[in-house]
Amino acid sequence: MWSQVDVDYFEQFYFENALQYHNWGHIKNMFNYLDETQFPYDLNLAIAIAGHDCVYDNRPGKEFRSAILTAQVCEDTLLRFGAEVDVIKVCQLIMATERHLSDRYSDSVSAIVRADLHQLQYSKHKHQIEINFINILDENIKLYPDTKEIDICKSGKEFILQLISRVRSNVELDPKYKDFWIDVIDGLFYTIKLYDKRLVEIEK
């Protein structure tokens, strides 16, 4: 795995959440992406990836609360990660996954955003997009039991539309990965089609 420190301590939080998409498998996929693309190792980035979804529920501010919990883990387990951990940097990286905007001045910010969204590349992961769509939909139904599926789908579609507008900025903010971001945008539009298809099925 890309991480050179033992980040498995965070796995307990994802196990407790028991979610279909935002689980430890998602974390390992992010590490695998950085490994496959040979991104230089970064201790703060490794910890941020491990902790960025450790709080995932139906309340607002998931990224902020994940950052706080991750900071607490870092401060409580300095012997585990080492004193060279920059807790503020770790939290900044986690917060970058809230809006998914790259940073032309920070390779690590751009890297965590790419890693978080890489399975949306349409040309490489069309089938995986379909699987993730089902898992995220089921996950949201579990998280919001009092909300009708049709409303969950409408909210999910709106979230993706807003994400598209932000991800388009990454073409300029992260120009080295222009083709990557164009492919992700195609994957997001495909996700919109999946939501539209499910909405039609529900409304029948």
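How many salt bridges does the structure shown above contain? The count comes to five salt bridges. Please bear in mind that this is a predicted model. I shall begin with the charged pairs and then turn to the nonpolar interior.

As general background, side chains of opposite charge can pair when their charged atoms come close. One such pair consists of Arg65 and Asp57, whose closest N and O atoms are 2.8 Å apart. Are these two residues buried or exposed? Both Arg65 and Asp57 are buried.

The next salt bridge is formed by Asp174 and Arg114, and here the closest N and O atoms are 2.8 Å apart. Asp174 belongs to the loop between α9 and α10, while Arg114 belongs to helix α7, residues 107-117, so this pair ties together parts that are 60 residues apart in sequence. Consider now the accessibility of each partner. Asp174 has a relative accessible area of 7%, and Arg114 has a relative accessibility of 3%. Residues under 20% count as buried, so Asp174 is buried, and so is Arg114.

Let us proceed to helix α10. Within this helix, Glu201 and Arg198 lie three residues apart, about one turn of the helix. They form a salt bridge, with 2.9 Å between the closest N and O atoms. What is the accessibility of these partners? Glu201, at a relative accessible area of 37%, is partly exposed. Arg198, at 25%, is likewise counted as partly exposed. Salt bridges with shared partners also bring in Glu149, so that Glu149, Arg198 and Glu201 make up one network.

Another residue of helix α10 is Asp196. Its relative accessible area is 31%, which means that Asp196 is partly exposed. Asp196 is 42 residues away from Lys154 in sequence, and their C-alpha atoms are 8.8 Å apart in space.

I come finally to the nonpolar interior. The largest nonpolar core has 62 residues. Which residues have the most contacts inside this core? They are Phe10, Leu34, Leu45, Phe81 and Ile112. Helix α10, spanning residues 178-203, gives the most to the core, contributing 10 residues.

Leu34 may serve as an illustration. Leaving aside residues up to four places away in sequence, Leu34 touches Trp2, Phe39, Leu45, Ile49, Ala111 and Ala115. Leu45 thus appears among the contacts of Leu34, and Leu45 is also one of the residues with the most contacts inside the core.

To close, helix α10 has appeared twice: it holds the pair Glu201 and Arg198, and it gives the most to the largest nonpolar core.

How values were computed. Residues numbered from 1 in each chain as written. Predicted model: local features only at pLDDT ≥ 70, side-chain atom pairs only at ≥ 80, totals over all residues. Heavy atoms only, no water. Core = buried A, V, L, I, M, F, W, Y, C linked by side-chain atoms within 4.5 Å. Buried < 20%, exposed > 50% of the residue type's maximum accessible area, 1.4 Å probe, protein only. Helix = DSSP H or I, 4+ residues; strand = E, 2+ residues; numbered from the N terminus. Contact = heavy atoms within 4.5 Å. Salt bridge = Lys/Arg side-chain N within 4 Å of Asp/Glu carboxyl O.
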